[in-house]
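Reader: Can you walk me through this model? Keep it quick.
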Amino acid sequence: MVTKAFSVDLNKPLVFQVGHLGQEYQRWVHQPIVSKEGPRFFASDLLESLTRTVWWVVPLVWLPVVCWFVSLSVRMGLTPPQVAGTVGGGILMWTFLEYTLHRFLFHIKTKSYWANTLHYLLHGCHHKHPMDGLRLVFPPAATAILSVPLWTVIKLLSPPSFAPALFAGGLLGYVMYDLTHYYLHHGKPSEGVSQNRKRYHLNHHFKVHNKGFGITSSMWDIVFGTIPQSKAAEKSR
């Protein structure tokens, strides 16, 4: 008996459908639908509202938190140059975290029902609907949950006075990442660095999804050899 392949109904809530795709999920999720109209995720209006975040919420929520953590290090005796250097180190730390999360977690291969479902919620939805502007930045609740282990590790490994500024730098790096990511999809740069970054990132979406994982920078793609082939060829000329 031949089992009919599962087909996703785009007119119904998607989240609890995509798991049924099994091994076909990876192929399906990397066939983007280019539309500014976002799909329905859940039948529940409450759950649906939790999946949508406007871009300006990110700096509104997190920049005051960045300032507060910086102030903690200042009150513990760090000088302005020390604060600046530590925040800079935190931003650099974020760029590495951004790359590793994008490459090894957001692009993990899945095929079971719940793994497909969780992957779709985490990142697959962005590849399927890359122009969905309300699901392009992380909801603050999700960011808060993910930041707890980062803050715990930083506290364990850093001197007490440096830890808040280092975490502030990491959080500032995240804000820069989310805003940059939104701009790369919805901004209209005409030339220069921003236009090159937009081209680089859209290449990741529409041509080579297993290369070009850096959003704010290509540095770690260069270090780990994940520059898309066309870019690597240009650099060798």
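Author: What follows covers confidence, a surface patch and one aspartate. This is a predicted model, where local features need pLDDT of at least 70, side-chain atom pairs count only at pLDDT 80 or more, and totals for chains, interfaces and linings use all residues. Residues are numbered from 1 along each chain as its sequence is written, and side-chain values use heavy atoms, with hydrogens and water left out.

Reader: What is the mean pLDDT of the chain?
Author: The mean is 93, and 95% of the residues reach 70 or more. pLDDT is the predictor's confidence in each residue, from 0 to 100.

Reader: Where is confidence lowest, and where highest?
Author: Helix α11 (residues 229-236) is lowest, at a mean of 49. The highest is α4, at 98. Helices are DSSP runs (H or I, at least four residues), numbered from the N terminus.

Reader: Where does pLDDT stay under 50?
Author: Over residues 231-237. The model has four contacts (heavy atoms within 4.5 Å) for them beyond four places in sequence.

Reader: New topic. Where is Val61?
Author: Val61 sits in helix α4, residues 57-75.

Reader: Is Val61 buried or exposed?
Author: Partly exposed, because its relative accessible area is 31%. That class lies between buried (under 20%) and exposed (over 50%), with a 1.4 Å probe and protein chains only.

Reader: And Asp9?
Author: Asp9 lies in the segment before α1 (15-18). Its relative accessible area is 28%, so Asp9 is partly exposed.

Reader: Which residues is Asp9 in contact with, leaving aside neighbours within four places in sequence?
Author: Leu14 and Gln17. Also, a polar atom of the Asp9 side chain lies 2.9 Å from the backbone nitrogen of Asn11.

Key:
Helix = DSSP H or I, 4+ residues; strand = E, 2+ residues; numbered from the N terminus. Polar contact = N/O pair within 3.5 Å; in protein donor to acceptor, adjacent residues only side chain to side chain.
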